[in-house]
Amino acid sequence: MSELKNKIQEYIDKDELLLSLVASNSKDKEKISKVKLRPLMKKEELIYQAESFVGTKAFHENMEPTELPAYIEGLTEDFRQIEIETQTQKLVVLVSKKGKQTLNVKNKPQAQSVDKAELSHNKAKQYVLPEGEVVPFLVELGVQTAEGKIIKAKYDKFRQINRYLEFVRDILPNLPKDRTLTILDFGCGKSYLTFALYHYLKVMNHYDIRVIGLDLKEDVIEKCNTLSRKYGYDDLTFHVGDISSFEGPVEVDMVVTLHACDVATDYALEKAVKWNAKVIFSVPCCQHELNKQMKCKELEPLLKYGLIKERMAALMTDAIRANLLEEQGYDTQILEFIDMEHTPKNILIRAVKRQGMRYRAASHQGINQIEQICEFLNVNPTLRSLLDTNIQPGADIDEESNH
């Protein structure tokens, strides 16, 4: 028996887990390019699953621990390097062109303990909305059965809703619980996520909130109000209206704008800043404005391709929006978000007001940088104009925030 087989057998005899294995530097990449191996618990029995990569395809094979020594020894025929990590050691196997094996073994500073229950192949993900608990709007959507079971064909929608709520969960420390919170959802549409937000904050976390959904489609608004009454969501109401002309409360805690088209996003963000919103969630779409304006001699070799220009313009639009929010006193992140309808990866702008800041005096450096970018691209984004109208750079800071 080779030294490698002996070493693997030693781990098996001591009941020591092989936490990971990667075989690389293939001798024939067209035959097989890489192999990964990991432990799994299946029906309370420990097995190992090997994942082999051939071209663009991956193949899986399960095996008993007793099969490992021979299997891993066989990998040396196809690969020149194998890296193995166990609970106590790291092992690197190097194979020369003539087939000679060199083993380098390094002890870990401390043995790594592993709960075998965590290795379950079918380990359930802990969603924000727990599986098995009946949620009225999920039943209405056809995501859940009346008994609370997630319908298999609707798991993608269930995961998408939970992903949104994960973003909301992150900002809970910024929402006070000692008063009524006002939340506005611009362009709410069918309101899947509006209902999810209300349920999560009101029902699950007991926040005192009122949520207002706004959309231009009267039939959609009527249906949403009907469902809200049906669920007993007394503080969730929907109204027909346009983002740019809507006049709501003087103070708002959270503004949500998901898929507001083109400059409608800018009007919603301007409203949020004007109302001193503590939190802003925005998923922009159809960013056409800068695509029509953008002209830049230095970038002309790139911008002559319509698809490239369109995508660059969309990214520049949202990057400028994020910077403008930073200049108004928000800590701003750009995150990946999953669209509810078509599932491409989209951008989510999440902005949280810095504590104690009402209106922030925009820094000369920050404003100058934005001005330079706009001048370079020959663009004038709507949000920039709106904020210049409502909050002039250098405005007084009100440090005495009421909230």
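## Close-up views of a predicted model

**View 1. Cys286 sits in the loop that links β12 (279-285) to α8 (289-293).** Welcome to the first stop in this predicted model. Although Cys286 is not a glycine, its phi is positive, at about 50 degrees. The residue counts as partly exposed because its relative accessibility is 35%, and the partly exposed class lies between the 20% and 50% cut-offs.

**View 2. His206 is a residue other than glycine with a positive phi, near 60 degrees.** Look for His206 in the loop between α5 (192-204) and β9 (209-215). Is His206 exposed or buried? With a relative accessibility of 61%, His206 counts as exposed, since the cut-off for that class is over 50%.

**View 3. Strands β3 (residues 45-54) and β4 (residues 57-63) run antiparallel.** How many bridges join β3 to β4? There are seven. One pairing to pick out is Glu51, whose bridge partner in β4 is His60. The two strands form a hairpin, with two residues between them. Follow the chain into the turn and you will meet Gly55, which has a positive phi of about 60 degrees.

**View 4. Helix α2 (residues 68-75) is largely enclosed by the rest of the structure.** Why can the helix be described this way? Six of its eight residues are buried, so the surrounding structure largely encloses α2. The buried residues to find here are Leu68, Pro69, Tyr71, Ile72, Glu73 and Leu75. Each of them has under 20% relative accessible area, because that is what buried means here.

**View 5. Leu302, Tyr305 and Ile308 make a nonpolar surface patch.** The patch covers about 290 Å². Its member Tyr305 lies in the loop between α9 (300-303) and α10 (306-327). Tyr305 is partly exposed, because its relative accessible area is 48%, a value below the 50% above which a residue would count as exposed.

**View 6. Residues 390-403 have a pLDDT below 50.** Before zooming in, take the chain as a whole: its pLDDT averages 86, and 89% of the residues score at least 70. In the stretch 390-403, by contrast, the pLDDT is below 50. How many contacts does this stretch have in the model, beyond near neighbours in sequence? The model gives it 30 such contacts.

Note on methods
Residues are numbered from 1 along each chain as its sequence is written. This is a predicted model: local features need pLDDT of at least 70, side-chain atom pairs count only at pLDDT 80 or more; totals for chains, interfaces and linings use all residues. Side-chain values use heavy atoms; hydrogens and water are left out. Two strands pair if DSSP finds at least two bridges between them. Helices (H or I, at least four residues) and strands (E, at least two) are DSSP runs, numbered from the N terminus. Buried means under 20% relative accessible area, exposed over 50%, partly exposed in between (1.4 Å probe, protein chains only). pLDDT is the predictor's confidence in each residue, from 0 to 100. Contact means heavy atoms within 4.5 Å. Patches are made of residues with over 30% relative accessible area and no salt bridge: like charges are joined within 9 Å, nonpolar side chains (Val, Leu, Ile, Met, Phe, Trp, Tyr) within 5 Å. Accessible areas come from the Shrake-Rupley method with a 1.4 Å probe; for residues, only the protein chains shown count as cover. A salt bridge is a side-chain nitrogen of Lys or Arg within 4 Å of a carboxyl oxygen of Asp or Glu.
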